[in-house]
Amino acid sequence: MTPSLVMRLSSVPALKPMFPGFAVAVLVAITAQFLSEHYGAPAMLLALLLGLALNFLAEEGTRTAPGIEFTARTVLRLGVALLGARISVEMLAELGAAAIALVVAGVILTILFALLVARFVGRRWRFALLTGGSVAICGASAAMAIAAVLPRHEKSERDLVFTVLSVTVLSTVAMVLYPMLAQLFQFDARDSGVFLGGTIHDVAQVVGAGFSIGPETGETATLVKLIRVSMLAPVVLCFSLVIRQRGLADTEGGEKPPLLPGFVLGFLVLAILNSIGLIPAMIADWAGALSRWALLIAIAAVGIKTSLGRMVEVGAGAIGLMVAETVFLGAFIVIGLHFLG
């Protein structure tokens with residue numbers, strides 16, 4: 001996102017009120033990326049932490065508040081939709097039925113595990129779906145997409161920021177620890193890739209962990225991770241169906257929201273177009289890069305919107321739940337690889 005593009009957007013009358021807040025989020029995202037490249041910490045985590053320190057910019061009445069709200073919602077949805085351009089049916093054929101079944105089962109069972117364990121730590125089903133889906137699918141991106149279909153309550157923003165923060169930290173720890181575990185389990189290059197791609201939460205950390213072992217492992221890990229990302233749309237659809245069936249969906253103007261949010265439909269359309277070869281590889285790469293920047297800017301805005309004081313209210317039980325979900329997914333994939341031989 002170039003400075004000239006930002007300036008052109010600021011000249012559109014409808015977007016003028018949004019520009020100050022959007023510009024702040026962009027600046028935070030660029031700073032986070034700079035720090036990430038120079039110090040090795042995840043850009044998502046840095047953007048969130050920097051945003052939390054600027055919470056006063058989201059207070060009612062400030063010039064930046066409308067733009068921060070817009071960025072946290074609309075730019076986020078654009079970023080999730082663009083992820084679809086990296087998904088294709090061809091990826092599934094490359095991996096094989098057994099490995100695909102293992103990855104899909106890991107996603108489903110991790111979410112069910114979250115629903116079960118959440119009861120024992122005093123958390124409700126909304127928090128379980130949010131954390132379980134983020135751990136099972138694709139970390140921060142999944143958390144933000146799932147949050148869009150969950151019924152809102154007074155602690156929705158706090159729970160989302162906690163989930164993004166926790167899943168990013170856990171993913172970073174896994175990026176360092178899991179390659180050593182792959183060697184300990186004596187996995188070959190392909191199984192190491194399936195293990196890393198099937199368990200680490202965020203795409204960037206999967207790539208870092210995979211290529212730290214070798215090219216074949218890195219490519220396999222990235223492929224497996226993208227298959228998990230492709231589960232985002234069906235999982236969000238299932239969540240939306242269940243919530244609607246139970247009469248728990250938010251209503252706007254007395255009407256139910258659409259079964260699938262527009263950004264998830266965009267994700268599906270791009271995935272279908274890519275699967276039938278209508279999106280050139282160069283365009284898919286650009287869409288992936290734009291998606292990453294949109295998500296980084298959006299998570300900066302989400303951080304700005306959230307009070308750090310409210311984060312402390314989450315409690316040890318929520319942290320324990322996310323750690324348990326991470327351990328469960330890792331153990332399931334390791335056991336599955338053992339049985340697959």
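**Exercise 1. Find the residues that Glu157 pairs with, then trace the network.**

Step 1. The side chains of Glu157 and Arg152 form a salt bridge, at 3.4 Å from N to O. A salt bridge here is a side-chain nitrogen of Lys or Arg within 4 Å of a carboxyl oxygen of Asp or Glu. This is a predicted model: local features need pLDDT of at least 70, side-chain atom pairs count only at pLDDT 80 or more, and totals for chains, interfaces and linings use all residues. Residues are numbered from 1 along each chain as its sequence is written, and side-chain values use heavy atoms, with hydrogens and water left out.

Step 2. Glu157 also meets Lys305, at 2.9 Å from N to O. Lys305 lies in helix α15 (residues 281-305) and Glu157 in helix α9, so this pair ties together parts 148 residues apart in sequence. Helices (H or I, at least four residues) are DSSP runs, numbered from the N terminus.

Step 3. Now look for another pair. Asp159 forms a salt bridge with Arg158, with the closest N and O atoms 2.8 Å apart. Shared partners join Glu69, Arg152, Glu157 and Lys305 into one network.

Step 4. Check the count. The rule gives five salt bridges.

**Exercise 2. Sort Asp159, Arg158, Lys305 and Val176 by accessibility.**

Step 1. Learn the cut-offs. Buried means under 20% relative accessible area, exposed over 50%, partly exposed in between (1.4 Å probe, protein chains only).

Step 2. Apply them. Asp159 has 7%, so Asp159 is buried. Arg158 has 3%, so Arg158 is buried. Lys305 has 22% and counts as partly exposed. Val176 has 53% and counts as exposed.

Step 3. Locate Val176. This residue lies in helix α9 (residues 156-184).

**Exercise 3. Describe helix α6 and decide where its buried residues sit.**

Step 1. Take the length. Helix α6 (residues 97-118) has 22 residues and reaches 32 Å from its first C-alpha to its last. That is close to the 32 Å expected at 1.5 Å a residue. The expected span is 1.5 Å times one less than the number of residues.

Step 2. Pick out buried residues. Among them are Ala99, Leu102, Val103, Gly106 and Phe113. The buried residues of α6 cover an arc of only 165° around the axis, which puts them on the same side of α6. The arc is that of the directions from the helix axis to the C-beta atoms.

Step 3. Recall the geometry. An α-helix has 3.6 residues a turn, so residues three or four places apart point the same way.

How values were computed. Helices (H or I, at least four residues) and strands (E, at least two) are DSSP runs, numbered from the N terminus.
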